[in-house]
Amino acid sequence: MTIDQARWQNRLDELAAKHGIPGAQLGILSGDELVTLATGVLHAGTGQPAATDSVWQIGSISKVWTATVIMQLVDEGRLTLGTPVAEILPEFTLRDPETTAAVTVWHLLTHTSGIDGDLFTDTGRGDDALEKYVGLLADSAQNHPIGATWSYCNAGYSVLGRIIEVVTGTTWDQAMKDKLFTPLGLTHTTTLPEEAMVFGHAMGHVKGGDDPVVAPVWGLPRAVGPAGLITSTVGEVLAFARMHLLGGVAADGARVLSAESAAAMSSYQTDCPEKRLLGDSWGLGWFRCDWHGHRAYGHDGNTIGQAAFLRVLPEAGVAVALTTNGGNTHDLYVDLYEEIFAELTGIHMPEPFEPPAEPVTTDLNPYAGTYERGSVRMDVFDEDGKPTLRTTLTGPLAELEEDPIQTYEMTPVEPGLYAVRPDGMESWMPVTFYSLPTGEDYVHFGARATPKRLG
C-alpha cells in the first residue's frame with residue numbers, strides 16, 4: 001500500500017498538538033517506499049522549525065547499533081557471545097570475583113548481567129571516558145544475581161562499547177562510523193554533540209504543552225554513548241532498520257552483518273518478567289513484541305527531554321521511527337503507531353495496558369516496603385487507603401532531573417500487578433511484584449528490577 005504522505009503529515013501535526021509535543025519527526029518505511037515528516041519546533045525558545053533533515057537524540061535505540069557492531073565482531077571471529085567480559089577487559093571488576101568471571105558478552109546484550117544499570121557518572125569528554133567508566137563498576141552494587149532475572153542495564157552497554165574499543169583499537173565513536181555509519185551511507189548520524197550541532201538539532205524539553213520548558217542540558221555524559229548518545233534523522237534510523245529487515249544487507253547491496261547474526265538479534269534470547277511496557281522477551285539488542293500473534297521488534301530511547309521510538313514488523317516489511325523533544329511522547333507514539341501499522345499492514349498493536357473497568361481489590365501487605373538499587377529507592381505503602389508508590393532518584397541521575405521524587409497512586413489490576421499513570425499522561429504503566437526462584441522479592445517498574453530491602 002502506498003504511503004499517504006499528506007494524511008500522515010496531518011495526523012502528526014494534530015496528534016503532536018494534542019499531546020503537547022514541541023517538535024517531532026516521523027519516518028515510515030514500507031518495502032522500498034520511505035516517507036519522512038516533521039512538525040513543530042526544535043527549540044521552544046528560538047522557534048526554529050523542525051525539518052526532515054534535523055537531527056534528534058535517538059537515546060537507547062543506540063543500544064541496537066552498539067549490539068550490531070558487537071555482532072559484526074562475532075562474525076569476524078574476534079569474540080563470541082559466550083566470551084567472558086574479563087577476558088577482553090582485564091580492568092572489568094565487580095564486587096564479587098565469581099560474578100566478575102562469569103559475566104559474558106551475552107549477559108550484557110540481553111540485560112541479564114545484574115550490573116546496576118543506571119550509573120551515569122561523568123568520566124569526562126576524553127577518548128578514555130569509557131575506560132574510566134568501566135573502572136567505576138567495582139564500586140557498583142549487583143542488582144540481581146547473574147542470569148536470575150532481566151533488568152534494563154545502561155551500564156552493560158557502556159561496557160560493550162569499551163569492548164568494541166579494545167577489540168577494534170579505536171574509540172567507540174570512530175568504530176560506529178567505520179563499521180555502521182559509512183557502510184550504510186549515513187551523513188547525518190553522529191555520536192558527539194559537536195558533530196550533531198553542525199545540523200539543525202533538537203533541544204529537549206522537560207515540560208511540553210502550551211508553556212514548554214527547555215531542558216537544562218543538551219545531552220548525557222560521553223561514557224553513556226554506547227547506551228544512548230547517537231543523534232540521527234528518522235530517515236537514517238530507518239536505513240539502519242532496513243538493513244536488519246534485509247538480513248544484514250545495506251541499500252546498495254553491501255553486506256554489513258551476516259544473515260545469521262541479523263536473525264539472532266531479533267530472535268528469542270530471554271524472557272522479560274514484565275511483558276506489557278516494552279516487549280515480552282529480549283533478543284540481542286532488540287526487544288520483541290507479540291502483536292496479536294504477529295512478531296514485531298524494536299527499541300525506545302529517552303534522554304533529557306527527548307524520546308524516540310522504533311518498531312519493525314518484518315513479515316510486512318514495515319518499520320516506523322519517531323523522534324520527539326518533550327511533552328507526552330508515549331501517548332503520541334501509541335496513537336500514531338496503532339493507526340500507521342493498522343492501515344499499512346492490517347495488523348493491530350496490543351491494546352494499551354490499563355486497569356480493569358470494574359475496580360478490583362488486592363492485598364498490598366505482601367508487597368509493602370522499601371525496594372532499592374544503586375540509583376533509586378522505591379517505597380510502597382498505603383496512604384489513606386490507597387496503594388502508593390514513591391520513587392526517589394539518587395546519585396548523578398537525580399541531578400539531571402527537575403523533580404527526582406515522584407509519587408503515584410497504584411490502581412490494582414490483579415495480585416502482584418498494579419497500574420500507575422504519570423501526571424498529564426493518558427498511558428498507564430505497570431508495576432509488577434514478583435519473586436526470584438531463590439525467594440528474593442522484587443518490584444519491576446520502568447523496565448528495571450529493584451530488590452526489596454531486607455528488614
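How far apart are the closest N and O atoms in the salt bridge that E343 forms with R7? In this predicted model, the answer is 1.8 Å. E343 sits in helix α13 and R7 in helix α1, so this contact ties together parts of the chain that are 336 residues apart in sequence. As for solvent, E343 is partly exposed, with a relative accessible area of 25%, and R7 also counts as partly exposed, at 30% relative accessibility.

R7 has another acidic partner to deal with. E339 forms a salt bridge with R7 too, and here the closest N and O atoms are 3.8 Å apart. Again the link runs between helices: E339 belongs to α13 and R7 to α1 (residues 5-18), so the pair joins parts that lie 332 residues from each other in sequence. E339 comes out as partly exposed, with 23% relative accessibility.

The structure as a whole holds 24 salt bridges. Another of them brings the side chains of D379 and R377 together, at 3.4 Å from N to O. The two ends of that pair fall into separate burial classes: D379 is buried, at 10% relative accessible area, while R377, at 26%, counts as partly exposed. Back at the helices, shared partners knit several salt bridges into one network made up of R7, R11, E14, E339 and E343.

Helix α13 turns up again in the pocket analysis. The second largest pocket has a volume of about 650 Å³. Its lining consists of 28 residues, and those closest to the pocket centre are R276, P350, E351, P352 and F353. Which element gives the most to this lining? That would be α13, with 6 residues. Strand β9 (287-291) and helix α13 (329-345) each supply at least two lining residues. Sorted by class, the lining has 12 nonpolar, 4 polar and 12 charged residues.

The remaining part of the picture is a run of strands further along the chain, with β20 (residues 441-445) paired on both counts considered here, to β19 and to β21. Is β20 mostly covered or mostly open? Mostly covered, as it happens: 4 of its 5 residues are buried.

On the β19 side, the strand spanning residues 429-435 pairs with β20 in the antiparallel sense, over 4 bridges. Within that pairing, Y434 has Y442 of β20 as its bridge partner. The hairpin formed by β19 and β20 has 5 residues between the strands, and in this hairpin G439 takes a positive phi near 105 degrees.

The β21 side runs along similar lines of description. Strand β21 (residues 448-451) and β20 also pair in the antiparallel sense, over 4 bridges. One bridge partnership here is that of H444 with A449 in β21. What does the phi of G446 look like in the hairpin of β20 and β21? This hairpin has 2 residues between the strands, and G446 takes a positive phi near 65 degrees. As a general point for reading these strands, side chains in a regular strand alternate between the two faces of the sheet.

Key: Residues numbered from 1 in each chain as written. Predicted model: local features only at pLDDT ≥ 70, side-chain atom pairs only at ≥ 80, totals over all residues. Heavy atoms only, no water. Buried < 20%, exposed > 50% of the residue type's maximum accessible area, 1.4 Å probe, protein only. Pairing = 2+ DSSP bridges. 1 Å grid on protein atoms, 1.4 Å probe; cavity = no way out; pocket = protein on both sides within 12 Å on 5 of 7 lines; lining within 4 Å. Points joined across faces, edges and corners; volume = space filled by probe spheres on them. Nonpolar A, V, L, I, M, F, W, Y, C, P; charged D, E, K, R; others polar. Salt bridge = Lys/Arg side-chain N within 4 Å of Asp/Glu carboxyl O.
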